[in-house]
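Got the viewer open? Keep the selection tool handy and follow along, one stop at a time.

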Amino acid sequence: MPRLALYALIVCVLAVAAAVVSFVQGNLLGIVWVLLAGLSSNMCWYYARRARSTGPHSVS
């Protein structure tokens with residue numbers, strides 16, 4: 001897995017955890033965390049697919 005995809009995955013997991021904590025506390029700021037989780041999930045998917053399509057010998 002490429003480095004950027006791994007970073008995006010970590011951000012996604014942390015954003016989901018923050019959203020859960022926000023909603024449990026009754027804070028509507030969790031909506032922002034859900035949106036950030038969606039964005040970082042798409043970034044992880046994009047970078048992983050791009051690395052797979054260019055092959056293992058590409059420099060990124």
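**Stop one: H2**

Start by selecting H2: at 1.5 Å a residue, its 25 residues should span 36 Å, and the end C-alpha atoms are indeed 36 Å apart, so the two agree. That expected span is 1.5 Å times one less than the number of residues, and helices here are DSSP runs (H or I, at least four residues) numbered from the N terminus. Before moving on, note that this is a predicted model, where local features need pLDDT of at least 70, side-chain atom pairs count only at pLDDT 80 or more, and totals for chains, interfaces and linings use all residues. Residues are numbered from 1 along each chain as its sequence is written, and side-chain values use heavy atoms, with hydrogens and water left out.

Now colour Gly30, Ala37, Ser40, Cys44 and Ala48, the buried residues of H2. Buried means under 20% relative accessible area, exposed over 50% and partly exposed in between (1.4 Å probe, protein chains only). These buried residues pack against H1.

**Stop two: Ser40**

Zoom in on Ser40, which sits in helix H2. Is Ser40 buried or exposed? Its relative accessibility is 4%, so it counts as buried. Leave aside neighbours within four places in sequence, and Ser40 is in contact with Ala8, Val11 and Cys12; contact means heavy atoms within 4.5 Å.

**Stop three: H1**

Next, select residues 3–24, which make up H1: 22 residues reaching 32 Å from first C-alpha to last, close to the 32 Å expected. Show Ala5, Ala8, Cys12, Ala15, Ala18, Ala19 and Ser22, which are buried. Look down the axis of H1 and these buried residues fall within an arc of 145°, so they line one face of the helix; the arc is that of the directions from the helix axis to the C-beta atoms. Spin round to the face turned away from the buried side and you'll find the exposed residues Arg3, Val13, Leu14 and Val24. Just after H1, click Gly26, whose phi is positive, near 80°.

**Last stop: the pair**

Show both helices together. H1 and H2 pack at an angle of about 160°, with their axes 8 Å apart. Axes are lines fitted to C-alpha atoms, for helices over the stretch in contact, and angles run from 0 to 180 degrees between N-to-C directions. H1 and H2 are therefore roughly antiparallel, a label for angles over 145 degrees. To browse the interface, try Leu4, Leu9 and Phe23 among the H1 residues that meet H2, and Trp33, Met43 and Tyr47 among those on the H2 side.

Terms used:
Helix = DSSP H or I, 4+ residues; strand = E, 2+ residues; numbered from the N terminus. Parallel < 35°, antiparallel > 145°, perpendicular 65-115°, else oblique.
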